[in-house]
Amino acid sequence: MYDYIIVGGGIVGLSTGYALSEKYPHAKIAVIEKEQTLSFHQTGHNSGVIHSGIYYKPGSYKAKFAREGNEAMVSFCRKYGVAYEVCGKVIVATSKEELPLMDNLYRRGLQNGLNVRKIGVEELKEIEPHVNGLGAIHVPSTGIVDYKGVSHTFARLIQEKGGDIILATKVEKISERKDRITVETDRGTFQSYYLINCAGLHSDRVAKMSGLQTKAKIVPFRGEYYELVPEKRHLVNHLIYPVPNPNFPFLGVHFTRMINGEVHAGPNAVLSFKREGYTKTDFNIKDFLEVMTYSGFWKMAMPNIKEGIHEMIRSFSKQAFLRSLRRLIPELTEHDIVPTHAGVRAQAIMRDGSMVDDFLIDASGRSVHILNAPSPAATASISIGREISVQVPEPPGVHNYSKSM
Ligand SMILES: Cc1cc2nc3c(=O)[nH]c(=O)nc-3n(C[C@H](O)[C@H](O)[C@H](O)COP(=O)(O)OP(=O)(O)OC[C@H]3O[C@@H](n4cnc5c(N)ncnc54)[C@H](O)[C@@H]3O)c2cc1C
């Protein structure tokens, strides 16, 4: 009998386990993960950026948790020796039309309490000499990190407090009684006092298993990357972003120096025909039909059909991808970039067609569910974990633990 079972060994599940093990050192915690290794999906396929919190609506979970999470992530990495670097980034306006959008973003950064600065063309050239722009925002607190390293450190800390990390075990059924929750998996049955659903791309399905009538469905959007060939890495000093389209939750294709020295360019955002589909040909009939028969998807897709087609073209055409990148670095040629990994984002979409913008957390009976945790959830993971540790009840034995201490 566990006090807490966490479904999902991505960064959010592991940070939640870590927060609970810090708060209740004697609690019996298990993280159940269906893959052979931790952080196999979104966490292991992301851009590795510690975001600052500039983009998000003031007062939202995203704004609060990205800012707090940025600081918490940096302290955590420093304390536990995980590779990171606070290198700063520039968000660059490349056309006159983007200048007012850039100003809006700058004001949002100030509203979110960030130390951001508008810079002119000369200063931009000093920071990123190969970038073309009419102006930019400099965000010094943005960084890069090894999120897999962070996840494995969370796992080690959970285990050091007596918690279990149970790999290669898929949660298939959840049932609840007055005093406990029963979790059936393909490798046996577990009992717990409380359950926390951090299942990422499957969070809506796990919620449904536990009887929660979810307000949203996960729609998978693949993000494909190119990599700069080693001889061209010098074109990018740190992180270079465009001004994003304010109508979409994605940031636009950008350049990211990874913690291992590689420079990645991307990601785009195309509908994936499989929730965990990392290549263009990946297809799963159940995942596909679920999206195609979901009215919320069509209500979202129809008004944005032009952008959707543009994304599809950019996915199949290197030239189209290159055109987007060249808006930021005009001297880039098709020989300078080669395709590299892809990731799939779990984006929750409501029945009315709206994309859920903020992190979405819902509770039912003996369980709490994280139903929307897209970017910047890796940055914000420590703060999300702490929030969950506040929302869940204390373990039943907690008073006995403190007596025995
Ligand atoms: C392309 C891309 C780029 C991104 N870039 C950034 C970035 O630079 N910075 C940032 O902060 N964020 C970024 N993000 C977002 C960030 O990666 C995610 O928000 C974060 O990793 C979500 O973590 P998670 O634990 O919720 O999900 P995941 O990492 O997907 O973990 C969920 C886990 O649950 C497991 N699971 C699912 N169903 C079951 C089941 N039935 N039984 C057992 N286990 C189950 C899965 O196998 C998986 O391991 C990016 C995301 C993508 C896709």
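Q: What makes the nonpolar surface patch, and what counts as a patch?
A: In this predicted model, Trp298, Met302, Ile305, Ile309 and Ile313 make a nonpolar surface patch of about 490 Å². Patch residues have over 30% relative accessible area and no salt bridge, with nonpolar side chains (Val, Leu, Ile, Met, Phe, Trp, Tyr) joined within 5 Å and like charges within 9 Å. A salt bridge is a side-chain nitrogen of Lys or Arg within 4 Å of a carboxyl oxygen of Asp or Glu. Areas come from the Shrake-Rupley method with a 1.4 Å probe, and for residues only the protein chains shown count as cover.

Q: Why is Ile305 called partly exposed?
A: Its relative accessibility is 45%. Buried means under 20%, exposed over 50%, and partly exposed in between, so Ile305 counts as partly exposed.

Q: Which residues are closest to the ligand, and what makes a residue near?
A: A residue is near if one of its heavy atoms lies within 4 Å. The ligand is surrounded by 38 residues, the closest being Glu33, Thr43, Val49, Ala373 and Thr379.

Q: What makes the pair between Thr379 and the ligand a polar contact?
A: A polar contact with the ligand is a pair of N or O atoms within 3.5 Å. An N or O atom in the side chain of Thr379 is 2.7 Å from a ligand oxygen atom, so the pair meets that definition.

Residues are numbered from 1 along each chain as its sequence is written. Local features need pLDDT of at least 70, side-chain atom pairs count only at pLDDT 80 or more, totals for chains, interfaces and linings use all residues, and side-chain values use heavy atoms, leaving out hydrogens and water.

Q: How much of the ligand does the protein cover?
A: The protein covers 97% of the 1,000 Å² of accessible area that the ligand has on its own.

How values were computed:
Buried < 20%, exposed > 50% of the residue type's maximum accessible area, 1.4 Å probe, protein only. Polar contact = N/O pair within 3.5 Å; in protein donor to acceptor, adjacent residues only side chain to side chain.
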